[in-house]
Amino acid sequence: ATTDTNTSGTISVDYMYLHIPVNSIVIDAGNMHRSWGNKLLIWDTGRDTVQLTTNVGDTQLGIYTDKVNETRATPGTENLEDYNNYGFTAVHNAGNLTAGLHVIKQKDNRAVADLSGTIVDAYLNTSVGAISIAAEIAQKSGDLNEDVNNNKQQAGFIYAATDVGAINVNFFAAMLKNGFVADSHLTPTVFFGTDNPTAIADVQAADNSTTKAFAIGAGTDISSELSASAKLAYFDLENLSPVFIAANGGTAPANASKETATEIDLGLKYKLSDNAVYSVDFGYLMPSDITLADDNAMALAHKIEVSF
């Protein structure tokens, strides 16, 4: 496992928790995976937690505490100070509307000077006529979150999709500021969002800088088993070349702070059976002023998904 859990064995627990309904309140306690909203802030992240939830009409309210980091002293002695989160959630469902609010107070007492922070996140899923919409915004403040210039981290995105005849058309736009790094499960393209095995980076912003991302895509069914999709994306990655170079090696470009990338994605999905789908995703990335070489990149991924 890890140094923060069990160092005497080799077993690592993915998740294990108790789910206990007590009248109108549900208690969850143990090692859970915390997921929220539309994957901008946090998704599928393991947490040791105690959580209480209850429903008030169409709204579910929740409070929890997460053990982010358990600091241990020498075995047999008292525990040291830890890093804990304290959260409040509210999710409202009514008709075709789902909206959520998430507030997190962070306390990291492991250092000599205690550190703290606050995260506020809101998301929305709805439809307007034939257009489906998903959106999320977040702000991080406090010692644990501010960038080198004491700026608050901020981020937001909107995704909209609709059918035009037999073609599904979709649009994605995002803005991130001051060191905000989106969760790896936010995967707008083949090359961004490291939950994709082909991705080179998560959607993120450098300190005291702004990242802007735009993508427009289309997809259609060729037959009852086969569908195809295409996407064109543009990323304005202000001051991110040092981050990419530190992660991957290379030499800084002469025109630093003007980093951009254009990406073309193509995809195919084939239904192998009622519960199995084979997909192929191809991406072509054209960087500008990210490294001295700025070589174009290609990625090709095959995947079979089986549901039970």
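**Salt bridges and burial**

Trainee: This is a predicted model, so let's start with one side chain: is arginine 110 buried, exposed or partly exposed?
Mentor: Its relative accessibility comes out at 41%. Buried needs under 20% and exposed needs over 50%. With 41% falling in between, arginine 110 counts as partly exposed.

Trainee: Which residue does arginine 110 meet in a salt bridge?
Mentor: Look for a side chain whose closest N to O contact with arginine 110 is 2.8 Å. That partner has 6% relative accessibility, so it counts as buried. The residue is aspartate 108.

Trainee: And which residues do salt bridges with shared partners join into one network?
Mentor: One link in the structure is the salt bridge between aspartate 66 and arginine 47, at 3.7 Å, N to O. Sharing partners brings the network to Arg34, Arg47 and Asp66.

Trainee: How far apart in sequence are the parts that aspartate 66 and arginine 47 tie together?
Mentor: The side chains of these two meet in a salt bridge. Aspartate 66 lies in strand S4 (residues 59-69) and arginine 47 in strand S3 (residues 45-56), so the pair ties together parts separated by 19 residues.

Trainee: What is the closest N to O distance between lysine 67 and aspartate 82?
Mentor: Lysine 67 is partly exposed at 27% relative accessible area, while aspartate 82 is buried at 9%. The two form a salt bridge, and their closest N and O atoms are apart by 2.9 Å.

Trainee: Where does aspartate 82 sit?
Mentor: Its partner, lysine 67, is in strand S4, 15 residues apart from it. Aspartate 82 itself is in the loop between S4 and strand S5 (83-94).

Terms used
Residues are numbered from 1 along each chain as its sequence is written. This is a predicted model: local features need pLDDT of at least 70, side-chain atom pairs count only at pLDDT 80 or more; totals for chains, interfaces and linings use all residues. Side-chain values use heavy atoms; hydrogens and water are left out. A salt bridge is a side-chain nitrogen of Lys or Arg within 4 Å of a carboxyl oxygen of Asp or Glu. Helices (H or I, at least four residues) and strands (E, at least two) are DSSP runs, numbered from the N terminus. Buried means under 20% relative accessible area, exposed over 50%, partly exposed in between (1.4 Å probe, protein chains only).
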